[in-house]
Amino acid sequence: MAKASPQFTCSECGAVHKKWAGRCDACGAWNSIVEEAPMGAGPKGPLAKGRSIALSTLQTDEAPPPRTLSGMDELDRVLGGGLVPASAILVGGDPGIGKSTLLLQATAAFARKGLTTLYISGEEAAAQVRMRAQRLGLGDAPVQLGAETNLRDILTTLDTERPDLVIIDSIQTMWLDSVASAPGSVAQLRAAAHELVTLAKRRGISVILVGHVTKEGQIAGPRVIEHMVDCVLYFEGERGHQFRILRAVKNRFGPADEIGVFEMTGGGLSEVPNPSALFLSERGQPSAGSVVFAGIEGTRPMLTEIQALVAPSPLSNPRRTVVGLDSGRLGTILAVLEARCGIPFTGLDVFLNVAGGMRVSEPAADLAVAAALLSAREDVALPADTVVFGEISLSGALRPVSQSENRLKEAAKLGFTTAMLPRGGKTGPGIGVRLRELGDLTGFVGDVFGA
Ligand code: TYD
Ligand code: MG
């Protein structure tokens, strides 16, 4: 019989490779491929017959299970309107970003709403978690605390306690003695998540798994288990900023792409109910290169400031530095400006940034990016009361984007009086913002910069 060959798995994204390589083809991560024990020899001969599984129709008299609201609006919205019973949720994020803080606060909030909750920490001692809870003013919340990494014991405890909600902080510290590889390996992570999710579904327990996003291959990352859970949330933020964004990237019970905004303070995370005002609060006098973009995050309109700096470059290959936006998109917009409007950026360094540590991924930001680049290049400030949005096509035409009306309403709410946007969008009647509708990028350049 042929020897089962070893298998190589990327610990970032879980892709399986035949051979070891320095870089994963699937996700581009370096040094993330690790060898896993073979899955055992394949079946010999025809598969023995199994039993028939029970089938049923789609009809049901059961009402949808009631969701529980934590009262933390930012969290409830990202979950799609509260916590669904027996759901499995993964919360990923960089180490130190505030996952444990967020989940301790969330657990306490759910406990105060009447759920029985269990918080299991594999990273901190119970006394440490207790101290943090005291500091956050959660000392009196009816949360049960455990400090354990042995999953067999945790599963037994869950089976007897049957809480409504359990937090596993973090899934990478958990280990099963039946899996012959080190804690934190891909095999352990998969097995641990599988056991927890299965038990949760069978016993009607909601489970929240915390996963660290890792930079090296020794510890498997949360992407490896994304497919096993109902809901994947990432907690993001810039080190230097106090803003933290909880972003849904997958949700079986609500819209994906929804975000919740928090601020890290001395007393834990506080909610930011009006992020536009916060993201724009740091804006000073109108300056060249600064443009306010009216965006949509999930179901919510959000205004952010896009900043550009364009300066003569001493380098033969000028810099293109982007923070908070897609660098490929910047390349496209620069190319369209050059090819369709005759405005070159050769010999110029370009720096582009979204203020406040926010990340923007909508194509609707194209026009705001172009406006910021032009404003920086020409050293002309846009009027302070103007917001910009719209998608730029490769031909230089401007395309209307979704939810124009919501974007305009948010702009009006924050005191903006003019919007520059593509012609033909559904803007609705009487928003109270003056519309400067444009057909293409050349028209926009002429209108704003008189070129
Ligand atoms: P933590 O929740 O431990 O991060 P994670 O679980 O994602 O690794 O948060 C750690 C950071 O949060 C730490 O750098 C200190 C900061 N922090 C505050 O600023 N205020 C607070 O009230 C708390 C509890 C933490
Ligand atoms: Mg932690």
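**View 1. Helix 2 gives the most to the shell around ligand 1, with 3 residues.** This is a predicted model, so keep that in mind for every view here. In total, 15 residues surround ligand 1, and the closest are G98, K99, S100, T101 and G268. Helix 2 (99-112) isn't the whole helical story: helix 3 (126-135) also supplies at least two residues of the shell. Sorted by class, the shell comes out as 8 polar, 4 nonpolar and 3 charged residues.

**View 2. An open sheet is built from 7 strands with mixed pairing.** Reading across, the order goes 15-16-14-13-17-20-21. Strand 15 (320-323) and strand 21 (434-438) sit at the edges with a single partner strand each, so one side of each has no neighbour in the sheet. From one strand to the next, the twist averages 25°.

**View 3. Strand 13 and strand 14 run antiparallel.** Here 8 bridges join residues 290-297 of strand 13 to residues 300-312 of strand 14. To pick out one pair, V292 has E305 in strand 14 as its bridge partner.

**View 4. Helix 7 lies across strand 15 and strand 16.** The helix covers residues 327-341, and it runs at about 130° to strand 15. Strand 16 spans 348-354.

**View 5. Helix 8 is mostly covered.** Of its 13 residues, 12 are buried, among them D366, L367, V369, L373 and R377. A quick sanity check on geometry: at 1.5 Å a residue, helix 8 (residues 366-378) should span 18 Å, and its end C-alpha atoms are 18 Å apart, which agrees. Right after helix 8 comes D379, with a positive phi near 55°.

How values were computed
Residues numbered from 1 in each chain as written. Chains lettered and ligands numbered in written order. Predicted model: local features only at pLDDT ≥ 70, side-chain atom pairs only at ≥ 80, totals over all residues. Near = placed C-beta within 6 Å. Helix = DSSP H or I, 4+ residues; strand = E, 2+ residues; numbered from the N terminus. Nonpolar A, V, L, I, M, F, W, Y, C, P; charged D, E, K, R; others polar. Expected span 1.5 Å × (residues − 1). Buried ≥ 20, exposed ≤ 12 C-beta atoms within 10 Å, placed from the backbone. Pairing = 2+ DSSP bridges. Axes fitted to C-alpha atoms, helices over the stretch in contact; angles between N-to-C directions. Contact = placed C-beta atoms within 7 Å.
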